[in-house]
Amino acid sequence: MKFTASQIAGILEGEIDGNPDVAVHKLAKIEEGEIGSLTFLANPKYTSFIYSTESSITLVNKDFVPEQTISTTLIKVDDAYESFSKLLEYYNQVKNNKTGLERPIFLSESASYGENFYLGAFSYLGNNVKIGNNVKIYPNVYIGDNVIIADDVLIFAGAKIYSETIIGKGCVIHSGAIIGADGFGFAPNSNGEYSKVPQTGNVILEENVDVGAGTTIDRATLGSTILRNGVKLDNQIQIAHNVEIGEHTAIAAQTGIAGSTKIGKNCKIGGQVGIVGHITIGDRVRIQAQSGIGRNLKDDELIQGSPAFNYADYNKSYVHFKNLPKLVNRINDLENKIGDK
């Protein structure tokens with residue numbers, strides 16, 4: 001796909017300084033720009049590259065004034081970084097605007113779907129599935145019985161959506177994600193074996209939830225596992241049964257959350273964090289990477305470590321952690337001197 005400077009300026013409501021007819025068909029970093037590419041300048045430390053970049057079009061802030069001759073066509077906008085992100089989103093919408101049913105597929109007679117629907121080859125839609133408008137489902141996707149999918153949902157290749165799952169408007173589910181598998185429910189019996197506890201609940205994703213590749217979200221034992229509006233999950237995350245995650249909370253890769261834990265709104269959770277079950281984490285909590293959470297957390301806590309504690313205290317303690325070998329040697333020296341006396 002090619003876009004001219006005039007078209008891009010129209011999308012972004014920007015001002016053109018240069019050739020309005022110059023066209024681009026790819027994106028590039030400003031220091032790696034080539035003819036036919038579009039780039040942007042948002043960070044002042046990259047300003048020098050704008051005078052040497054070969055990109056055909058560069059997005060800049062409106063207050064940018066070149067101090068040397070430039071060859072690239074400028075599109076001046078209020079916020080170059082935000083506009084570049086907007087342009088990426090627009091490009092994705094155009095790129096992903098497939099429609100129609102590929103073959104072969106299995107589509108239950110009781111399934112229904114709305115306008116501008118795309119279903120990729122080798123996909124499976126079970127009984128009583130209900131799908132809204134502008135939904136795009138890529139090849140090799142499994143969708144079980146009684147699943148409800150709202151408008152503008154994007155499901156990439158190979159995702160598995162188990163029965164009874166509810167997916168809200170604007171959600172994005174990446175390849176290999178599994179939503180609605182059984183929770184880890186087993187009860188020990190008198191023989192020392194484990195009996196499976198039936199997992200009869202479901203998973204609910206509210207609106208604009210992003211689920212990363214390879215992430216798993218377990219169905220509830222009873223009731224629902226719930227991800228509220230705007231939750232963002234990275235790749236390879238485990239969300240256990242009956243977990244609830246509040247609005248606009250973001251979680252980085254390889255984090256695991258055990259069953260029935262409640263996480264508040266606008267939290268930020270780093271990679272490889274482990275969270276035990278049946279606890280409550282407040283709003284706006286920030287958890288540093290590789291922390292272990294074994295207790296309830298209040299609103300606005302900032303913590304690190306395993307077991308985790310206050311971030312500032314952790315940093316102070318770390319000074320002593322890394323000096324422990326020296327301190328041990330000093331203690332040994334003192335003991336030896338005392339022993340010699």
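This note walks through a predicted model of one chain, from its overall build to a few individual residues.

1. **Overall make-up.** The chain has four helices and 39 strands. Its radius of gyration is 26 Å, well over the 20 Å that the globule rule gives for 341 residues, so the chain is more spread out than a compact globule. Along the principal axes, the C-alpha atoms fill a box of roughly 85 × 70 × 30 Å.

2. **Burial and surface.** Of the 341 residues in the chain, 40% are buried. The exposed area comes to about 18200 Å². Carbon and sulfur atoms supply 50% of that area.

3. **Contacts along the sequence.** Take the contacts in the chain with a separation of 6 or more. Residues 24 or more positions apart account for 17% of them.

4. **Charges.** The chain carries 31 positive and 38 negative charges. How far apart are the mean positions of the two sets? They are separated by 5 Å.

5. **Helix H1.** This helix covers residues 5-12. Which of its residues are buried? They are Ala-5, Ile-8, Ala-9 and Leu-12. Seen down the axis of H1, these buried residues fall within an arc of 100°, so they line one face of the helix. Just after H1 comes Glu-13, with a positive phi of about 60°.

6. **Ile-8, a closer look.** Ile-8 lies in helix H1. Its relative accessible area is 2%. The cut-off for buried is under 20%, so Ile-8 counts as buried. Which residues does Ile-8 touch, leaving aside its neighbours within four places in sequence? The contacts are Phe-3, Val-24, Leu-38, Ile-57, Leu-59, Ile-75 and Leu-87. Take Leu-59 from that list. Ile-8 and Leu-59 are 51 residues apart in sequence, yet their C-alpha atoms are 9.7 Å apart in space.

7. **A cis peptide bond.** Check the bond that joins Arg-103 and Pro-104. It is cis, with omega at about 5°. Pro-104 sits in the loop between strand S8 (100-101) and strand S9 (106-107).

8. **Asn-140.** This residue is not a glycine, but its phi is positive, at about 65°. Where does Asn-140 lie? It is in the loop between strand S13 (136-137) and strand S14 (142-143). Is Asn-140 buried or partly exposed? At 42% relative accessibility, Asn-140 counts as partly exposed.

9. **His-248.** Here is another residue to check for its backbone. His-248 is not a glycine, and its phi is positive, at about 60°. The loop that holds His-248 runs between strand S29 (244-245) and strand S30 (250-251). With 47% relative accessibility, His-248 counts as partly exposed.

10. **Phe-156.** Look for Phe-156 in the loop between strand S16 (154-155) and strand S17 (160-161). Leaving aside neighbours within four places in sequence, Phe-156 is in contact with Tyr-138, Val-141, Val-172, Ile-173, His-174 and Ser-175. One of these contacts, Val-141, is worth tracing. Phe-156 and Val-141 are 15 residues apart in sequence. In space they are 7.5 Å apart, C-alpha to C-alpha.

Key:
Residues numbered from 1 in each chain as written. Predicted model: local features only at pLDDT ≥ 70, side-chain atom pairs only at ≥ 80, totals over all residues. Heavy atoms only, no water. Helix = DSSP H or I, 4+ residues; strand = E, 2+ residues; numbered from the N terminus. Rg over C-alpha atoms; globule rule 2.2 N^0.38 Å. Buried < 20%, exposed > 50% of the residue type's maximum accessible area, 1.4 Å probe, protein only. Contact = heavy atoms within 4.5 Å. Areas by Shrake-Rupley, 256 points an atom, 1.4 Å probe, with all protein chains shown as cover. Lys, Arg positive; Asp, Glu negative; His and termini not counted. Charge placed at Lys NZ, Arg CZ, Asp CG, Glu CD. Arc of directions from axis to C-beta.
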